[in-house]
Amino acid sequence: METSTSHNRREFLQRSALLTAGLALGGASVGRATAPARPSTSVLSAPKRKIGTLDVSALGLGCMSMAGVYNAPQPKAAMVKLIRQAVEHGLTFFDTAEVYGPFYSEEIVGEALAPFRNQVQIASKFGFRFQGDQVTGKDSSPPHLRRAVEGMLQRLKIETLDLCYLHRMDPNTPIEEIAGAVGDLIREGKVRNFGLSEVSPDTLRRAHAVQPVAALQSEYSMLERVMELDMIPLCEELGIAFVPWGPLCRGMLTGRFDKNYVPDAQYRRAGVPYFTPEALEANLNLVDLLKRWAAKKTSTSVPVTPAQIALAWLLAQTPFIVPIPGTTNPDHLLENIGAMGLTFTPAELQTLRTEIEQIPTVGFRAPASVFQDL
Ligand SMILES: NC(=O)c1ccc[n+]([C@@H]2O[C@H](COP(=O)([O-])OP(=O)(O)OC[C@H]3O[C@@H](n4cnc5c(N)ncnc54)[C@H](OP(=O)(O)O)[C@@H]3O)[C@@H](O)[C@H]2O)c1
């Protein structure tokens, strides 16, 4: 007998095939000639994964660059529309932070998701002190973080934040105090789950001993695999979900850049060592691999793109991973959502792993200064 889960899964795969097919017919961003077919506007049920007490869509949506970072801040109405489109197509998990903008990304997310409060899960992050819209330092002292969470709830137009992350470790506040303060907010009903972002294994263990950690967020992609050495095994040991940010390596793994790409000095890619001319040229070997796999996995009815291979590969690494690709572009959003319908056989995963490991990664994910105070 068919269960509703298997029915939903089949419906999702069929629809994501249609989405992907539509994009493959015409997404200008991937250099195709005709206009994209309109995907269905009915609600999809995406595959679910667990983060603490939350059942979230297997893929989330990163809402950082809506407020700038890789591009200029985007008009609010367009981003509200894009987030609602994501909900319409099955995404339920949305990632923001007070520092994105600052505050602007949370305002967009709050407005976009207000009509869908009971259908979605919202994650945000605290950890910085601000003067106006300038970041003046790290601060997660309990009184400051309590005020920060109040501000988030207001901007997000919610009473309880589903997942509240420490964004960057504050060198002046012991992690036990931070975990304890978030624990108090959970008991008061202001927060549902505690998360950490970019911390060391020791910090994660110490926090978890005080207040169970639901999610660790850190950079992880097919190019940037350092988390496989310690943090992902530690998450497995402690029963913590892993939320990869940068799952497309800031767009590189989509195939949108060639070796002549020069990052705009105003935006963040310009400071990322993976994008120096030498590193980019070498790292494009991995993009070529993605293109070959995209061609290999493409069938006449279901075209596949490099971005989808990169995201589906992450999803296949463990069941406790929930990648949050970021986009400001509705075509890219639909393309990325299509990755949830793509699977690999165990033999394909093994071959892919062997091929990936034959390609040396050149560069580093961020300047060393970012990795102080983990
Ligand atoms: N915890 C942390 O410290 C931390 C740090 C950074 C980010 N994050 C979170 O993680 C999320 C994702 O990370 P990220 O945005 O840095 O990196 P990402 O998801 O790897 O890449 C985002 C970039 O890829 C482009 N892109 C996305 N899908 C595409 C597609 N199908 N085709 C072509 N280009 C595509 C986007 O441009 P378009 O807008 O043109 O699509 C954007 O420039 C963020 O939004 C944020 O919520 C957390």
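The following dialogue asks why certain terms apply to parts of this structure.

User: What kind of model is this, and how are residues numbered?

Analyst: This is a predicted model, in which local features need pLDDT of at least 70 and side-chain atom pairs count only at pLDDT 80 or more, while totals for chains, interfaces and linings use all residues. Residues are numbered from 1 along each chain as its sequence is written.

User: Why is Q134 called exposed or buried?

Analyst: A residue is buried if 20 or more other C-beta atoms, placed from the backbone, lie within 10 Å of its own, exposed if 12 or fewer, and partly exposed in between. Q134 has 8 C-beta neighbours inside 10 Å, so Q134 counts as exposed. Q134 belongs to strand β7. Its C-alpha is 7.9 Å from that of P102, although the two are 32 residues apart in sequence.

User: What makes the span of helix α2 close to the expected one?

Analyst: Helices are DSSP runs of H or I with at least four residues, strands are runs of E with at least two, and both are numbered from the N terminus. The expected span is 1.5 Å times one less than the number of residues. Helix α2 (residues 76-88) has 13 residues, and its 18 Å from first to last C-alpha is close to the 18 Å expected. Just after α2, G90 takes a positive phi of about 105 degrees.

User: How do you know where the buried residues of α2 lie around its axis?

Analyst: The buried residues of α2 are M79, L82, I83, A86 and V87. Seen down the axis, they fall within an arc of 145 degrees, so they line one face of the helix. The arc is that of the directions from the helix axis to the C-beta atoms. An α-helix has 3.6 residues a turn, so residues three or four places apart point the same way. Against the buried residues of α2 pack β3, β4, α3 and α10, where contact requires C-beta atoms, placed from the backbone, within 7 Å.

User: What makes the buried residues of α5 line one face?

Analyst: In α5 (residues 175-187), the buried residues are I175, I178, A179, A181, V182 and L185. Their directions fall within an arc of 160 degrees, so they line one face of the helix. Their cover includes α4, β8, β9 and α6. Just after α5, G189 has a positive phi of about 85 degrees.

User: Why are β6 and β7 called paired strands?

Analyst: Two strands pair if DSSP finds at least two bridges between them. Four bridges join β6 (residues 128-131) to β7 (residues 134-138), therefore the criterion is met, and the two run antiparallel. F130 stands opposite V135 in β7. The hairpin has two residues between the strands, and G132 takes a positive phi near 60 degrees there.

User: How do you know that β1 and β2 pair?

Analyst: Strands β1 (residues 48-51) and β2 (residues 54-57) share four bridges in the antiparallel sense, and R49 has V56 in β2 as its bridge partner. In their hairpin, G52 takes a positive phi near 55 degrees.

User: What makes β3 and β11 edge strands?

Analyst: Seven strands form an open sheet in the order β3-β4-β5-β8-β9-β10-β11, with parallel pairing. Strands β3 and β11 each pair on one side only. Within this sheet, β9 and β10 are joined by four bridges, and L196 stands opposite L216 in β10.

Terms used
Contact = placed C-beta atoms within 7 Å.
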